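Visitor: I would like a close look at one part of this model, beginning with a single charged side chain and working outward from there.

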Amino acid sequence: MARFEHTVTVAALDRHWFEEAAGHAVDLFDASREQDGAILLPDGRPIHGLRLLKGRHLQSGALYGEDPGGKAGKAGKDGEGAPETAPEAAVLREWRPSRTVEVESRVAEEGMSLRVGVRLREPRTPKALEVSLDGHNPEGGSLYRFSGRAKADLHAWWAALERPSSAPPAARAPVVGTAKHRLGRARLTVTPHPAEDGTWRVSVVLSVRGRWLLRPVAAVGLLFARRPVERGFREGVDSAAEEWAELLAELPSLHGEALRAEIADALTTP
């Protein structure tokens with residue numbers, strides 16, 4: 001097994017702002033309505049790039065996406081006349097804003113068929129985010145199949161940041177991701193630590209190992225490729241930290257109705 005670890009320092013995200021923004025976004029969607037396929041916010045403005053293609057708005061089984069062919073077709077209540085499939089479309093599996101929101105999408109890209117699932121628990125004050133990914137090449141064998149699962153326990157994340165900076169890290173990482181393939185499997189963990197200046201020190205650990213009889217082969221391969229793999233891993237973590245900084249710089253420092261209005265503008269602006 002090969003293990004890689006890298007720690008970066010990033011600016012902190014204010015928890016109260018994050019949860020307030022999430023609550024506003026969920027409430028805007030929950031109060032939206034469908035008209036001729038367009039999804040309208042409570043003030044009547046359509047959400048940009050989002051249309052109801054099939055089913056009932058905010059009901060299990062509803063299909064959303066951009067209307068294929070660029071026409072503003074109307075989706076019937078029973079889905080008649082709506083396309084069965086659409087590029088970059090997503091199916092709403094569950095919409096219970098106080099408990100769970102779940103969305104699943106299927107896309108085909110470069111010969112690969114991908115199924116992506118996203119589940120958010122307690123969306124108004126997000127408790128956990130779960131992501132699943134399954135991919136395969138319909139024309140290929142087992143070497144062209146892979147899967148991945150990730151879970152971010154947001155309550156555990158905030159709890160880890162409330163610990164004294166001198167305290168040891170929590171026993172379980174708040175963010176855990178796993179990936180499986182016929183040749184091997186990987187496990188990624190992300191753990192935050194509070195810094196004295198108010199920033200976050202985020203430790204990322206990647207473990208890779210071969211599977212079954214391929215373990216010796218994978219071990220030999222990692223022996224020769226360890227340095228470039230480690231360099232690529234560090235560069236990837238550093239790049240993610242830079243993107244995080246850019247994202248925080250773009251977030252509005254607003255609260256209350258001003259923040260709600262800003263989110264509504266972002267949803268309706270091309």
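Is Glu242 buried or exposed, and at what relative accessibility?

Guide: Glu242 counts as exposed, at 52% relative accessibility (buried is under 20%, exposed over 50%, partly exposed in between, with a 1.4 Å probe and protein chains only). This is a predicted model, in which local features need pLDDT of at least 70 and side-chain atom pairs pLDDT 80 or more, while totals for chains, interfaces and linings use all residues. Residues are numbered from 1 along each chain, and side-chain values use heavy atoms, without hydrogens or water.

Glu242 sits in helix H3, residues 215-250 (a DSSP run of H or I, at least four residues, just as a strand is a run of E of at least two). On the surface, Glu242 belongs to a patch of negative charge together with Glu235, Asp238, Glu243, Glu246 and Glu250; patch members have over 30% relative accessible area and no salt bridge, with like charges joined within 9 Å.

Helix H3 also carries Phe233, which pairs with Phe4 of strand S1 (residues 2-10) across 229 residues of the chain. Because their ring centres are 6.2 Å apart and their planes stand at 45°, this pair is tilted (centres within 6.5 Å make a pair; planes under 30 degrees apart are stacked, over 60 edge-to-face, the rest tilted). Both partners are buried, Phe4 with a relative accessible area of 1% and Phe233 with 10%.

A second tilted pair joins Phe18 and Trp158, whose ring centres are 6.2 Å apart with planes at 50°. Phe18 lies in helix H1 (residues 15-30) and Trp158 in helix H2 (residues 154-162), so the pair ties together parts 140 residues apart in sequence. Here Phe18 counts as partly exposed at 24% relative accessibility, whereas Trp158 is buried at 7%. Ring pairs link these two with Trp157, Trp200 and Trp244 into a cluster, and the structure holds five aromatic pairs.

Opposite charges pair elsewhere in the model, with a count of 16 salt bridges (a Lys or Arg side-chain nitrogen within 4 Å of an Asp or Glu carboxyl oxygen). In one of them, the closest N and O atoms of Asp134 and Arg149 are 3.3 Å apart, and the bridge ties strand S9 (residues 128-136), which holds Asp134, to strand S10 (residues 145-153), which holds Arg149. Asp134 counts as buried at 19% relative accessibility, while Arg149 is partly exposed at 40%; both belong to a salt-bridge network with Arg93, Glu104, Arg106 and Arg115.

Methods:
Patches are made of residues with over 30% relative accessible area and no salt bridge: like charges are joined within 9 Å, nonpolar side chains (Val, Leu, Ile, Met, Phe, Trp, Tyr) within 5 Å. Accessible areas come from the Shrake-Rupley method with a 1.4 Å probe; for residues, only the protein chains shown count as cover. Lys and Arg count as positive and Asp and Glu as negative; His and the chain ends are not counted. The place of a charge is taken as NZ of Lys, CZ of Arg, CG of Asp or CD of Glu. Rings of Phe, Tyr and Trp (its six-membered ring) pair if their centres lie within 6.5 Å; planes under 30 degrees apart count as stacked, over 60 as edge-to-face and the rest as tilted.
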